[in-house]
Amino acid sequence: MGHGDRRRALAQRVEDEGLDAFLVVNAESSDRANLFYLTGFSGSFGLLWVGKEAWLATDSRYTEQASAQAAPLPIEELNGRWLTWLGERLADTSARRVGVSAASLTVKILNDLRAHAKNIEFVPTGSWVEELRQTKDGSEVEQIAAAAELTDAGLRWILGRIRPGMTEQEIALELEFWCRKNGAQDMAFEPIVASGPHSSRPHHRPGSREVREGEVILFDIGVRRDAYCADLTRVVSLGRPEPRVQEIYEFVLKANQAGIEAVHAGVEGASVDAGARKIIEDAGYGTHFGHGLGHGVGLEVHEMPRVGPTSEDVLGPGMVVTIEPGVYLPEQFGVRIEDLVVVRPDGCEVLSGFPKDDLLVL
Ligand code: ZN
Ligand code: ZN
């Protein structure tokens, strides 16, 4: 699906909902992914208008880049303060009710828009662009698969270099350096490298703790490649693991597999979560699995749909989600196994290739 098709799908939604246009504002990092999705333009400032006509405005830092990336969309160059420019640009438009994304626009920008374009009623809408973004086309799935493959390779590489005494931060930095040297634009999020008792904190930030023999290390990592993110979690043991780690690993793996088996087009997020959660509950660790089973991944590492206990989001073909059950024992250790999958009509395809069948012992 080309960018023009995406804008047409949005324009249709705008019309169906009784609005005249939709404004995407990428300023101060709002609407960044939405603007890229609808235009292909990756600069850090841009205004996209989608209505009877469509145009993209940016300033002189980006006009050349915008022309190259967003053609054939008309590009307008603004100067001075963008809010003043926009107020003048819209002064004689016939559009009256204009949608903006409630999910990504800040209240400050919304207030500024209202103050500068008084002839327009700005209407915060549901996640219309984010909803379009949930369903990936073939080339988006390929890009996510390539990001997942590079993430697998990064993990394989760093695991070959880990020695007792290295710090979490050192491991995270070396991993990032390797990934960026080997084709990653960036990391999709700050890598989580959590050793020993730190692994019981689901979003631990790597620090100065040294990894030790006989402890687990939890990696939750993903690269951004060609704008698309990957997300992978594996737990390894440095030397012989405690028997309890092994035991928990086995049923977290079963929960991960049950989650993957439950994924198919038409299923609700809550039902996929329930299948995996039951295995952890039956093992007696239900209260140690506090987060949802998974989330959508694409231009952002956390996007729609949600796969959690209360999620009414219905999975459809082409959606890419994570399946990541975990069990966390405070002050002791945590185990999470996370894979990236793409929903197919009758099931799903797993994009993460890093082995998981046994707890890897380094
Ligand atoms: Zn993750
Ligand atoms: Zn995740």
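Among contacts in the chain between residues at least 6 apart in sequence, what percentage join residues at least 24 apart? The figure is 67%, where a contact means heavy atoms within 4.5 Å.

Some ground rules help here. This is a predicted model, in which local features need pLDDT of at least 70 and side-chain atom pairs count only at pLDDT 80 or more, while totals for chains, interfaces and linings use all residues. Residues are numbered from 1 along each chain as its sequence is written, chains are lettered from A and ligands numbered from 1 in the order in which they are written, and side-chain values use heavy atoms, leaving out hydrogens and water.

Now for the overall build. The chain has 10 helices and 20 strands; these are DSSP runs numbered from the N terminus, with helices being H or I of at least four residues and strands E of at least two. Its radius of gyration, taken over C-alpha atoms, is close to what the globule rule (2.2 Å times the number of residues to the power 0.38) gives for 362 residues, so the chain is as compact as a globular protein of that length.

| Whole-chain property | Value |
|---|---|
| Radius of gyration | 23 Å |
| Globule rule | 21 Å |
| C-alpha box along the principal axes | roughly 70 × 40 × 35 Å |

Of the 362 residues, 55% count as buried, meaning under 20% relative accessible area with a 1.4 Å probe, protein chains only.

For a close-up, take Ser 101, in strand 5 (residues 97-101). Ser 101 counts as buried because its relative accessibility is 1%. Leaving aside residues up to four places away in sequence, Ser 101 touches Phe 22, Asp 31, Asn 34, Thr 125 and Glu 130.

Conventions. Buried means under 20% relative accessible area, exposed over 50%, partly exposed in between (1.4 Å probe, protein chains only).
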